[in-house]
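Here are my notes on the sheet and the empty spaces of this model. Please read them beside the coordinates.

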Amino acid sequence: AALQRQWRDVALAALPNLSSAQDRAATARRLVNDEPADERALLAALAVLRADGHATEAQGLLRDHLRHLAEDLGAQPSAAVLAAARVVAEPLNRASRSTPALLERNRRASDAFVGRRGERRELLALLAQPPGRVVTIVGPGGIGKSRFARELLPDLVALTQADVLWVGMEDLHTAPQLLARIAQLLGAKVNDASDLAAQIAAQRSQHAALLVLDNAEHLPELASWLQPLLSAWPLLRLVLTSRARVGLADETLLPLQGLALPDADSRDAEAAAAFDAVRLFELRARRAHPGFELAAHLDAVITLLEMVDGLPLAIEMAAD
């Protein structure tokens, strides 16, 4: 049993850095199949399968995990698994660069995105003005930081005219894991013989890039991992999502609040429907219940939206 635990720890740490997609997929499947209730293994497997373009297999693993929790353990999925479920439902290949296919996928996904027009303009303005190298999107869980960042990918490509790469960090715990993933996405060849940040910068320092690093709050030492890379690579910019400041030099915060709610003078159906919180609820409710009519439930909807203070995740869950 002790050897098995040691093997799992080593396999989880090595999983993102295995040399071939076939090895990564096989190891991910084995980790999950050996211990179906191991949430850490599930999250790591979902991350590598999505990164390698195996979205369907990732969704299958997730369905099996949820079924095992419900039927065998009588348990509910954790917040981390629910967050991963939302990401898996909208596959984004981390290994893809800013290609037309990637942009088109994000444009289709944005059809259902509601609000954040002011925040979008503010973030692009922050990146466009000096120093404009590090912007952290901050807010509580469920406020929509990751979805907002994904929605911005086409705008970031247009603004920077550079490689814009998505770096999911939900399954990362150490600096070597993070820097190895960044190197993989950038196509930089690194080894363990010397500093990974220096190796990446040496190969990429003449090229501009923007990394979108998602889910930073569980990595308290993240600033010390990323600062050497920023210092050695002047053409690198970062956008992060986190529940709090990361602590990088020149870091600018972009706080996300709840979606706009109707005021006292906007309680009729036509006026209320112009507010982002109401629009999101109506959109999700009609998807789940095609016959839903906002006007018939307006007072109850507004009351509910006020109770959750416009939190997007709570709105979507209530509408479903």
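The points below take the basis first, then the sheet, then the voids.

1. Basis. This is a predicted model: local features need pLDDT of at least 70, side-chain atom pairs count only at pLDDT 80 or more, and totals for chains, interfaces and linings use all residues. Residues are numbered from 1 along each chain as its sequence is written, and side-chain values use heavy atoms, with hydrogens and water left out.

2. Sheet. Five strands (DSSP E runs of at least two residues, numbered from the N terminus) make an open, parallel sheet in the order β2-β3-β4-β1-β5. Strands pair if DSSP finds at least two bridges between them. At the edges sit β2 (163–168) and β5 (251–255), each paired on one side only. Twist averages 20° from one strand to the next.

3. Helix on the sheet. α10 packs on the sheet and touches β2 and β3 (209–214); contact means heavy atoms within 4.5 Å. The direction of α10 makes about 145° with that of β2 (lines fitted to C-alpha atoms, for helices over the stretch in contact; N-to-C angles from 0 to 180 degrees).

4. Second largest pocket. A pocket is an open set of points on a 1 Å grid with protein on both sides within 12 Å along at least five of seven lines; lining residues have an atom within 4 Å of a point. This one holds about 360 Å³. Its lining has 16 residues, with N17, A180, A183, Q184 and V190 nearest the centre. Helix α10 (residues 175–186) gives the most, four residues.

5. Second largest cavity. In a cavity a 1.4 Å probe fits but cannot get out. The volume is about 50 Å³. P16, R24, V48, A51, D52, R181 and Q184 line this cavity.

Key. Grid points are joined across faces, edges and corners, and a volume is the space filled by probe spheres set on the points.
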